[in-house]
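This report describes selected local features of one protein model with a bound ligand. It covers the chain geometry, the ligand site, the cysteines and a few individual residues.

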Amino acid sequence: MNILIKNATVITSKESFNSDIYISDGKIVQLRKSLNILEPIDKIIDASGYYIFPGGIDPHVHMHLPTPAGFSADDFESGSKAALMGGTTTLIDFVTPHKGQSLIDALIQRNSEVKNCLCDYSFHVSPVEWTKKTELDIKDCIESGITSFKVYMAYKDSIGLNDDAILKVMQVVGKAGGIVTLHCESSDEIEKLRNELAKNDNLIPEFHSVSRPDYTESEAVQMAIGMAKMANCPIYIVHTSCAKSIQYIEEAQKSEQEVYSETCPQYLLLNDSKYIGDFKDTAKYVMSPPLRKKEDQNALWTSISKGVVKTIGTDHCPFNLVQKEKGINDFRKIPNGAGGVEHRMKLLFSYGVLQNRINYNQFVDITSTQAAKIFGLYPQKGEIAIGSDADLLIWNPKTENTISVQDHYQNCDLEIYEGAKTYGTPEIVILNGEIVVENGELVSEKKGRFLKREVNK
Ligand code: URP
Ligand code: ZN
């Protein structure tokens, strides 16, 4: 398909400029003012009054995640549709083997689950134990184009790793030129607090947050940074939620250690007052780490503007009320997680750009470009330049919406942003040079592609 976008205000992570954009065969092939195209054009779009952003990249989603309460409510098809409707064109999900399963077998299984994904995608692979095969498996994953690995310091009774195993993963991945991403929460301390709360019959959702205080995150962050230094491995801290963690991350960055940090819209926009109320109104906010204090939100916004926090993922992992109700008598049984992939771009535009916390270029940087750079997708993704994939959002800044469970595309009967006002919408979404969303409708069922990545040499 050949598309000509006229009169565009192009926003990249570095600059803003007026230009026409010519797209052919899935790529951006020309980029300058007043283009005169001689070959046949399938569609001309007049983008006067609109912004053109690169398609969003969400580096942290959990579609079809198995848990004791059943699979997370979005599979790859419904979750990727919600992502596209919100302007996210690339997803990075996870491959999480069960114990005894090799990383490669788990990857093969995940490849069959991802077939209906409408976004382009990749995975982070999670070793859940260290075996004789893990080193080879990691190298095989890298050969297959997966260069990032996720370890959980939390959840030691299931998918979490002990420090010794984490260090080994870091040593192997660091040497191979990959990156380790970490869920930083101190499993043992949280287990101790959970048991104490349970002993005293403190089992409503509010105590989920009490059982995971900020220091359980920041101490794990400090530990992770120390191990990564020892192993000489770049790391990426997922869902950073509190000021104390930011301090350690900033210190490490100042000492030139390669430490990246992600936060999520829920930690920027919601706080722990959400845990006060009925089960139905509070259980939807049960996620790990939990929502924090207003001071933490402020610290996160500041750290974004300073470039300490580099990316915004969503940790999209929604569960329906009936699933959350597995923990109606015991918060420890509530499946952890909430949806957000559909709203990330609009929330960051509305509460970041329009409230002057970040500028337009920073918006692009944190929602797209940095994730592409950190995870080896740049400049194919995350950029508007000749030769880049034509993943573009034609963004109408003038619309007004209210987020509601009644009309969201996420496949879930709960909505943590219920009632939030947003301004601006990706009226047209282009993925690999094809229009996939137009006038608020999904207009293509074309499947996304696996994105093969390469390590830093
Ligand atoms: O509560 C969360 N974050 N659920 C998703 C799984 C995880 O811990 O990342
Ligand atoms: Zn997650």
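Pro 289 sits in the loop that runs between α10 (279-282) and α11. The model is a predicted one. The peptide bond leading from Ser 288 into Pro 289 is cis, with omega near -5°. A cis bond also joins Tyr 378 to Pro 379, where omega is near 5°. Pro 379 belongs to the loop between α14 and β14 (392-402).

**Ligand site**

Ser 288 is also one of the residues around ligand 1. The others in this shell are His 62, Tyr 155, His 183, Met 287, Asp 315, Cys 317, Asn 336 and Gly 337. By class, the shell holds three nonpolar, five polar and one charged residue. The table gives distances from ligand oxygen atoms to polar protein atoms.

| Residue | Protein atom | Distance to an oxygen atom of ligand 1 |
|---|---|---|
| His 183 | polar side-chain atom | 3.4 Å |
| Ser 288 | polar backbone atom | 2.7 Å |
| Gly 337 | backbone N or O atom | 3.4 Å |

On its own, ligand 1 has 260 Å² of accessible area, and the protein covers 96% of that.

His 239 touches several residues of this shell, yet is not listed in the shell itself. Its contacts beyond four places in sequence include His 183, Ser 288 and Asp 315. Pro 289, the residue that follows the cis bond, is among the contacts of His 239 too, as are His 60, Glu 217, Glu 262, Thr 263, Cys 264 and Tyr 267. His 239 is placed in the loop between β11 (235-237) and α8 (243-254). With a relative accessible area of 3%, His 239 is buried.

**Cysteines**

How many disulfides does a search of the whole structure find? The search finds zero. For Cys 184, the nearest cysteine sulfur is that of Cys 242, 10 Å away, and Cys 184 is in no disulfide. Cys 184 counts as buried because its relative accessibility is 3%. Cys 317, a member of the ligand shell, has its closest cysteine sulfur in Cys 412 at 10.0 Å, so the pair is too far apart for a bond. Cys 317 is likewise buried, at 3% relative accessibility.

**Helices α11, α13 and α14**

Glu 295 is part of helix α11 (residues 294-305). At 55% relative accessibility, Glu 295 is exposed. Its C-alpha is 8.4 Å from that of Cys 242, with their positions 53 residues apart in sequence.

Helix α13 (residues 344-353) is mostly covered, with 10 of its 10 residues buried. Among these buried residues are Arg 344 and Lys 346, along with Leu 347, Leu 348 and Phe 349.

Ala 371 lies within helix α14 (residues 360-374) and is buried at 1% relative accessibility. Leaving aside neighbours within four places in sequence, Ala 371 is in contact with Ile 57, Pro 59 and Thr 311. Ala 371 and Asp 58 are 313 residues apart in sequence, but their C-alpha atoms are 7.7 Å apart in space.

**Positive phi values**

Asn 356 has a positive phi of about 60° although it is not a glycine. Asn 356 is in the loop connecting α13 and α14, where it counts as exposed at 71% relative accessibility. Asn 439 has phi near 50°, again positive in a residue other than glycine. The loop between β16 (434-438) and β17 (441-442) contains Asn 439, which is exposed with a relative accessible area of 62%.

Conventions
Residues are numbered from 1 along each chain as its sequence is written. Chains are lettered from A and ligands numbered from 1 in the order in which they are written. This is a predicted model: local features need pLDDT of at least 70, side-chain atom pairs count only at pLDDT 80 or more; totals for chains, interfaces and linings use all residues. Side-chain values use heavy atoms; hydrogens and water are left out. A residue is near a molecule or strand if one of its heavy atoms lies within 4 Å of it. A polar contact is a pair of N or O atoms within 3.5 Å; within protein, one must be able to donate a hydrogen and the other to accept it, and residues adjacent in sequence count only if both atoms are side-chain atoms. Accessible areas come from the Shrake-Rupley method with a 1.4 Å probe; for residues, only the protein chains shown count as cover. Ala, Val, Leu, Ile, Met, Phe, Trp, Tyr, Cys and Pro count as nonpolar, Asp, Glu, Lys and Arg as charged, and the others, Gly among them, as polar. A disulfide is a pair of cysteine sulfur atoms within 2.5 Å. Buried means under 20% relative accessible area, exposed over 50%, partly exposed in between (1.4 Å probe, protein chains only). Helices (H or I, at least four residues) and strands (E, at least two) are DSSP runs, numbered from the N terminus. Contact means heavy atoms within 4.5 Å.
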